[in-house]
Amino acid sequence: MANLLWLQGGACSGNTMSFLNAEEPSACDLVTDFGINVLWHPSLGLELGENLKKMLNGLVSGQIPLDIFVFEGSVVNAPGGTGEWNRFAGRPMKDWVADLAKVAAFTVAVGDCATWGGIPATAPNPSESVGLQFLKRASGGFLGPAYKSKAGLPVINIPGCPAHPDWITQIVVAVATGRGGDLTLDEFGRPKTFFTSFTQTGCTRNMHFAYKVSATEFGQRKGCLFYDLGCRGPMTHSPCNRVLWNRQSSKTRAGMPCMGCTEPEFPFFDLAPGTVFKTQTVMGVPKDMPQGVDKTGYIKLTAAAKAASPAWAEEDIFVV
Amino acid sequence: MSIDDSNQLLKTIANLLANGLETKTEPFPETDKQFADVLTELRQLDQNDIKGKLVVGGFVNHPYGPDQYRCMECMYYLVHRKWCDLPELAVPVEPDWWCRLWRI
Ligand code: SF4
Ligand code: SF4
Ligand code: SF4
């Protein structure tokens with residue numbers, strides 16, 4: 001039996017919604033098949049008021065073992081570092097987080113707000129939000145760069161806005177079944193099994209990316225969304241086209257650009273007007289190139305790819 | 001548009017440019033706002049106002065600028081159809097031409 005506690009800071013509950021929609025395994029499978037004891041969760045927990053406080057104090061004192069501490073949402077420090085804007089069970093949530101992180105065998109941050117601060121930490125960041133161990137790309141966050149949970153791992157970061165349901169449940173199961181030590185994490189604490197390949201890996205528009213044929217409107221079936229509509233698929237680490245959403249599709253398959261939600265900078269360009277769903281350019285050349293490609297190489301590649309592209313690349317091949 | 005109609009229109013455009021049609025190559029729409037403004041101007045034209053599209057789009061019948069940018073590398077250019085696929089333009093073009101809506 002592994003005890004799991006899930007708390008929410010500055011959050012919209014999107015990751016909770018996502019978690020409750022998980023299928024492989026489902027949230028119920030966690031309990032029935034994998035022996036996870038969900039001590040408390042904001043949408044599922046039964047305890048209220050004093051009872052909840054008693055349980056939290058029991059965890060902090062070590063009387064109840066805390067195997068997996070899942071945190072959703074940013075750590076709110078406002079006003080003036082006190083954390084009073086986000087109180088929970090009689091004290092600032094950030095104080096609970098500090099105490100619980102000390103006794104947890106594994107600490108898991110779910111969603112962008114918990115991992116890097118996410119949308120709440122967007123400038124001017126009025127809630128003084130930070131992620132558990134990062135603020136955007138800077139290591140540190142609320143728990144500090146040296147933090148390790150009792151099992152010896154830093155915070156396991158499962159980013160996304162929201163995170164895919166199966167990323168959450170599969171990592172929780174790995175940890176609960178004693179395979180947490182097998183997890184390899186990247187420099188941002190993301191499990192490599194999910195966050196080494198790109199959103200573009202498995203995208204159905206890869207042919208159009210290769211032949212430089214652009215989609216010019218949302219939902220078009222032909223064309224790649226990188227050139228005009230701001231798709232960040234080539235530089236975003238996520239398995240969105242390998243582990244499909246609702247087991248059906250992905251943003252890019254449906255004709256919507258990837259917004260790069262698993263990367264620390266999300267939301268990019270602080271959501272300045274004109275930066276969302278629009279490729280940012282300098283004299284017509286994209287500011288952000290596919291990872292590892294430079295401008296000169298990119299222009300040469302474009303000319304060669306276009307010259308070599310077959311006629312069908314310009315047609316809507318998904319309709320007969 | 002049929003292939004014949006497209007070829008005919010391409011000839012008409014080539015003639016207009018060869019005869020020295022003055023077009024607005026400058027300013028280059030550097031920001032997305034400026035780009036959107038040019039698109040708005042184009043949308044106000046009649047779809048068949050070819051001359052208007054060429055002028056507002058800043059068309060030239062040769063590569064442009066120090067880097068010699070061309071339709072050929074532009075993301076809106078469809079090589080096989082010799083076609084500009086930017087919905088606001090939607091005209092046949094030659095690979096060595098350029099306009100200020102060029103994007104790669
Ligand atoms: S739509 Fe996005 S993810 Fe798909 S091929 Fe194009 S750039 Fe890559
Ligand atoms: S496609 Fe991109 S924006 Fe959408 S969920 Fe995946 S990583 Fe996030
Ligand atoms: S947008 Fe301009 S440069 Fe690009 S293909 Fe069309 S006419 Fe050519």
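**Exercise 1. Describe the surroundings of ligand 3, using its neighbouring residues, their classes and the space that the ligand takes.**

Ligand 3 is surrounded by B:F59, B:C71, B:C74, B:Y76, B:Y77, B:C84, B:V93, B:C99, B:L101 and B:W102, where a residue is near a molecule if one of its heavy atoms lies within 4 Å of it. Before going on, note that this is a predicted model, in which local features need pLDDT of at least 70 and side-chain atom pairs count only at pLDDT 80 or more, while totals for chains, interfaces and linings use all residues. Residues are numbered from 1 along each chain as its sequence is written, chains are lettered from A and ligands numbered from 1 in the order in which they are written, and side-chain values use heavy atoms, with hydrogens and water left out.

Next, sort the shell by class, counting Ala, Val, Leu, Ile, Met, Phe, Trp, Tyr, Cys and Pro as nonpolar, Asp, Glu, Lys and Arg as charged, and the others, Gly among them, as polar. The shell around ligand 3 then has 10 nonpolar, no polar and no charged residues.

**Exercise 1, last step: the space.** The space taken by ligand 3 is the largest cavity. On a 1 Å grid over the protein atoms alone, a cavity is a set of points where a 1.4 Å probe fits but cannot get out, and a molecule sits in it if more than half of its atoms lie within 2 Å of its grid points.

**Exercise 2. Describe the shells of ligand 1 and ligand 2 by class.**

Start with ligand 1, which sits in the second largest cavity and whose surrounding residues include A:C203, A:R205, A:F209, A:C224 and A:C231. Its shell has seven nonpolar, four polar and one charged residues.

Turn then to ligand 2, which has among its surrounding residues A:C240, A:W245, A:K251, A:C258 and A:C261. The shell of ligand 2 has five nonpolar, five polar and one charged residues.

**Exercise 3. Locate B:E73 and decide whether it is buried or exposed.**

First, B:E73 is found in the loop between α3 (50–57) and β1 (77–78) of chain B, where helices (H or I, at least four residues) and strands (E, at least two) are DSSP runs, numbered from the N terminus. Second, B:E73 has 7% relative accessibility and so counts as buried, given that buried means under 20% relative accessible area, exposed over 50%, and partly exposed in between (1.4 Å probe, protein chains only).

Third, look at its neighbours: leaving aside residues up to four places away in sequence, B:E73 touches A:I299, A:T302, A:A303, B:W102, B:R103 and B:I104, a contact being heavy atoms within 4.5 Å.

**Exercise 4. Explain why α3(B) is described as largely enclosed.**

Six of the eight residues of α3(B) are buried, so this helix is largely enclosed by the rest of the structure. The buried residues are B:I50, B:G52, B:K53, B:L54, B:V56 and B:G57, and what covers them includes α1 (3–18), α2 (32–43) and β3 (91–92) of chain B. Just after the helix, B:G58 takes a positive phi of about 75 degrees.

**Exercise 5. Find where the cis peptide bonds at A:P124 and B:P27 lie.**

Most residues other than glycine have a negative phi, and most peptide bonds are trans. A cis peptide bond nevertheless joins A:A123 and A:P124, with omega about 5 degrees, and A:P124 lies in the loop between α5 (112–116) and β8 (129–130) of chain A. Another cis bond joins B:E26 and B:P27, with omega about -5 degrees, and B:P27 is found in the loop between α1 and α2 of chain B.

Terms used. On a 1 Å grid over the protein atoms alone, a cavity is a set of points where a 1.4 Å probe fits but cannot get out, and a pocket is an open set with protein on both sides within 12 Å along at least five of seven lines; lining residues have an atom within 4 Å of a point.
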